[in-house]
Amino acid sequence: MTDMNPLDVPEIDPFDVARTAAGEIAEATGIARHDVALTLGSGWGRAADLIGETTHTLDAEDITGFSAPALAGHAGKLRSVLLPSGKRALIIGARTHYYEGHGVRRVVHSVRTAAATGATTMILTNGAGGIRETWTPGTPVLISDHINLTADSPLEGATFVDLTDLYSRRLRDLARTIDPALDEGVYCQFRGPHYETPAEVQMARIIGGHIVGMSTALEAIAARQSGMEVLGLSLITNLAAGIQKEPLSHAEVLHAGKTAEPVISALLARIVAAL
Ligand code: 8IG
């Protein structure tokens with residue numbers, strides 16, 4: 001079977017596809033409306049079990065517009081979680097990365113679907129490289145702003161969207177009421193999937209970046225376009241290339257994520273409870 005996705009058809013409105021997907025989620029879960037959505041990146045997955053009671057788990061690929069997972073045998077799941085407050089969270093464990101090459105519509109489809117389910121808060125998490133030497137692997141950092149180095153946008157046509165305070169100051173302040181030690185920084189989204197050269201990391205630093213990664217910025221733009229309030233969190237799993245002396249290793253990144261996971265997942269659960 002060919003990989004047919006309506007998001008690949010230029011004439012089809014991606015917001016119609018998102019509404020269809022949201023309708024399917026409502027049908028499958030019996031939950032008409034979600035309040036908050038979370039995309040859980042590397043290191044953050046455990047939070048899904050800590051924020052509340054999972055009442056429904058869906059295979060993302062069964063929902064219109066979602067892509068088959070990039071890593072075989074690693075099906076992306078969508079979960080509906082009942083929070084202690086009675087609110088509903090949609091947990092997106094199925095991120096489509098820009099470097100997969102399916103285009104930006106597929107990258108932001110989960111965010112647009114979350115908005116179509118009614119979510120007004122979008123929490124975007126990721127694993128990333130740190131430029132500040134003081135951020136040792138395992139440090140969670142709030143995203144204060146971003147620099148989009150993909151040379152792409154989820155907005156189509158003459159759609160002008162204000163990105164001032166994209167990463168909500170209100171939500172960052174709320175996160176710091178849970179952990180006053182939380183630092184913050186500017187996230188640079190590179191295309192990947194290669195890591196940066198040391199020269200590119202220096203460029204990112206000089207233009208005002210503190211965190212380097214391969215996701216989140218495009219998703220945050222789409223979230224803002226849909227009127228959502230955005231909270232961004234990076235887990236620093238490695239110092240960026242050239243900041244640390246040793247070469248980057250994926251195994252090391254995974255190890256740092258695994259070690260930090262219980263701590264940062266508990267932190268995220270407390271932030272969600274405070275929303
Ligand atoms: I985890 O050092 C992780 N993701 N671009 N650079 C980029 N993405 C990353 C890195 C990194 N570490």
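This is a dialogue on reading the features of one predicted protein model.

Trainee: What should I know before reading the numbers?

Mentor: Residues are numbered from 1 along each chain as its sequence is written, and side-chain values use heavy atoms, with hydrogens and water left out. The model is predicted: local features need pLDDT of at least 70 and side-chain atom pairs pLDDT 80 or more, while totals for chains, interfaces and linings use all residues.

Trainee: How many helices and strands are there in the protein?

Mentor: The protein has seven helices and nine strands. These are DSSP runs numbered from the N terminus (helices H or I, at least four residues; strands E, at least two).

Trainee: What radius of gyration does the protein have?

Mentor: The radius is taken over C-alpha atoms, and the globule rule is 2.2 Å times the number of residues to the power 0.38. For 275 residues a compact globule would come near 19 Å, and the protein has 18 Å, which agrees. Its C-alpha atoms fill a box of roughly 50 × 40 × 40 Å along the principal axes.

Trainee: How do I read the nonpolar cores?

Mentor: In soluble globular proteins, nonpolar side chains tend to be buried together. A nonpolar core is a set of buried Ala, Val, Leu, Ile, Met, Phe, Trp, Tyr and Cys residues joined through side-chain atoms within 4.5 Å. Buried means under 20% relative accessible area, exposed over 50%, and partly exposed in between (1.4 Å probe, protein chains only). Here the largest core has 35 residues, and Leu78, Met122 and Ile211 have the most contacts inside it. Helix 3 (104–116) is among the elements that give two or more residues; helix 3 gives the most, with five. A second, separate core has 28 residues, including Trp44 and Leu231.

Trainee: Which residues does Leu78 touch?

Mentor: Contact means heavy atoms within 4.5 Å. Leaving out residues up to four places away in sequence, the partners of Leu78 include Ile25, His56, Phe66 and Ile92.

Trainee: Is helix 6 buried or exposed?

Mentor: Eight of its nine residues are buried, so helix 6 is largely enclosed by the rest of the structure. Glu219 and Arg224 are among the buried ones. The buried residues of helix 6 pack against elements including strand 1 (36–39), helix 3 and strand 9. Gly227, with a positive phi near 85 degrees, follows helix 6.

Trainee: What backbone features should I look for?

Mentor: Most residues other than glycine have a negative phi, and most peptide bonds are trans. In this model, Ala151 has a positive phi of about 60 degrees, and Asp165 has one of about 55 degrees. Ala151 is exposed, with a relative accessible area of 80%, whereas Asp165 is partly exposed, at 41%. The peptide bond from Gly192 to Pro193 is cis, with omega near 0 degrees. Pro193 is in the loop between strand 7 (183–189) and helix 5 (198–206).

Trainee: How do I read a cavity?

Mentor: Rolling a probe the size of a water molecule over the atoms shows where empty space is left. A cavity is a set of points on a 1 Å grid over the protein atoms alone where a 1.4 Å probe fits but cannot get out; lining residues have an atom within 4 Å of a point. Grid points are joined across faces, edges and corners, and the volume is the space filled by probe spheres set on them. The search finds one cavity of 30 Å³ or more, with a volume of about 30 Å³. Its lining includes Phe66, Arg106 and His109.

Note on methods
On a 1 Å grid over the protein atoms alone, a cavity is a set of points where a 1.4 Å probe fits but cannot get out, and a pocket is an open set with protein on both sides within 12 Å along at least five of seven lines; lining residues have an atom within 4 Å of a point.
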